Amino acid sequence: MEFRRIGDIEVSAIGLGGMPMSIEGRPDEDRSVRTIHAALDAGVTLIDTADAYHLYADEVGHNESLIARALASYGGDTSGVLVATKGGHLRPGDGSWTQDSSPEYLKAACEASLKRLGVEAIGLYQHHRPDPRVPYADSIGAIRDLLDAGKIRMAGISNADPDQIQQAQEILGGRLVSVQNQFSPAFRSSEPELALCDKLGIAFLPWSPLGGIAQAGELGSRFAPFGRVAEAHGVSPQRVCLAWMLAKSPVVLPIPGASRPESIRDSVAAVDLHLTAEELALLD
Ligand SMILES: NC(=O)c1ccc[n+]([C@@H]2O[C@H](COP(=O)([O-])OP(=O)(O)OC[C@H]3O[C@@H](n4cnc5c(N)ncnc54)[C@H](OP(=O)(O)O)[C@@H]3O)[C@@H](O)[C@H]2O)c1
């Protein structure tokens with residue numbers, strides 16, 4: 001396994017995205033637990049989740065609770081695993097995603113996540129998405145208060161633009177450790193945020209790195225160069241995609257989602273796939 005830095009700790013360069021195990025199309029608990037255990041067996045020490053990764057209105061935190069149970073039932077040592085959760089999104093149960101990033105809501109959401117994860121302090125707490133009804137400074141101010149109170153060990157943001165990254169870094173007094181934005185062959189518009197994170201030495205976690213749950217399987221046919229490079233190496237286009245991202249900057253830590261053990265095993269192997277400068281240019 002290759003390790004990369006988030007704040008003051010090193011975690012696996014490839015993380016596990018937990019969302020597909022808790023939203024529409026999710027598998028049963030047994031397959032989910034096997035998927036999380038397969039990730040741990042493969043050396044994954046970064047798991048991304050959110051309180052909003054659930055399907056029905058009455059099961060907020062479904063994914064956090066699932067991850068806590070899977071870590072508890074794992075036979076090996078999980079002390080080095082960083083569970084990165086988020087607050088600020090809600091799912092009323094009709095398939096939609098709503099928002100509340102008021103300081104009061106974020107602080108209450110963090111308390112609930114702490115209980116579900118069964119920890120004294122959350123390893124990495126990420127503000128999920130800027131809420132147009134709440135000044136960004138107020139939302140990030142709540143994250144700063146959570147840091148100061150020791151409720152969270154590290155603070156991150158998500159779905160932020162370069163100005164918001166700078167603003168968050170200022171409000172947090174230089175303690176912003178990660179930015180999680182959408183980034184994939186299909187969605188390239190977070191290049192400026194990636195470049196800024198590289199400059200500032202802040203971890204950049206691409207979300208939906210394979211194009212999202214619905215399109216991840218078609219990556220090689222939708223983006224022909226990824227298919228061709230994959231064929232040349234005898235590996236999956238998804239693995240090529242993750243290797244391409246890892247090569248962009250040492251601050252990049254992709255978090256591919258999985259609901260099957262074989263998916264995360266294949267994705268983790270991207271750390272051992274080294275692409276030539278020519279191949280990287282072609283994929284770019
Ligand atoms: N911050 C945000 O606003 C935000 C938004 C969306 C997602 N996220 C986070 O980002 C994570 C990743 O995004 P995502 O799950 O939406 O999309 P994704 O990672 O682009 O795609 C996930 C799908 O890819 C498939 N897959 C994974 N590895 C594969 C491989 N090596 N070969 C073939 N198929 C593979 C999985 O299939 P199987 O299910 O069959 O295993 C899974 O359903 C989420 O899980 C979540 O933690 C964050």
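This report describes the ligand site and the strand arrangement of a predicted model.

## The ligand and its pocket

The ligand occupies the largest pocket. Around the ligand stand 30 residues, and those that come nearest are Asp-48, Leu-210, Ser-259, Arg-260 and Ser-263. By character, the shell around the ligand comprises 11 nonpolar, 14 polar and 5 charged residues. Helix H10, which spans residues 261-268, supplies the largest share of this shell, with 3 residues.

## Polar atoms beside the ligand

Oxygen atoms of the ligand have polar partners in the protein. Asn-159 places a polar side-chain atom 2.9 Å from an oxygen atom of the ligand. For Trp-207, a polar side-chain atom lies 3.5 Å from an oxygen atom of the ligand. Pro-209 takes part through its backbone instead: one of its N or O atoms lies 3.4 Å from an oxygen atom of the ligand. On its own, the ligand has 900 Å² of accessible area, and the protein covers 91% of this area.

## The sheet

The model contains an open sheet of 7 strands, arranged in the order E3-E4-E5-E8-E9-E10-E11 with parallel pairing. Strand E3 (16-17) and strand E11 (203-207) each have a single partner strand, so one side of each has no neighbour in the sheet; these two strands stand at the edges.

Within the sheet, strand E5 (residues 82-87) and strand E8 (residues 122-127) run parallel and are joined by 4 bridges. Opposite Tyr-125 in E8 stands Thr-85.

Note on methods
Residues are numbered from 1 along each chain as its sequence is written. This is a predicted model: local features need pLDDT of at least 70, side-chain atom pairs count only at pLDDT 80 or more; totals for chains, interfaces and linings use all residues. Side-chain values use heavy atoms; hydrogens and water are left out. A residue is near a molecule or strand if one of its heavy atoms lies within 4 Å of it. A polar contact is a pair of N or O atoms within 3.5 Å; within protein, one must be able to donate a hydrogen and the other to accept it, and residues adjacent in sequence count only if both atoms are side-chain atoms. Accessible areas come from the Shrake-Rupley method with a 1.4 Å probe; for residues, only the protein chains shown count as cover. On a 1 Å grid over the protein atoms alone, a cavity is a set of points where a 1.4 Å probe fits but cannot get out, and a pocket is an open set with protein on both sides within 12 Å along at least five of seven lines; lining residues have an atom within 4 Å of a point. A molecule sits in a cavity or pocket if more than half of its atoms lie within 2 Å of its grid points. Ala, Val, Leu, Ile, Met, Phe, Trp, Tyr, Cys and Pro count as nonpolar, Asp, Glu, Lys and Arg as charged, and the others, Gly among them, as polar. Two strands pair if DSSP finds at least two bridges between them.
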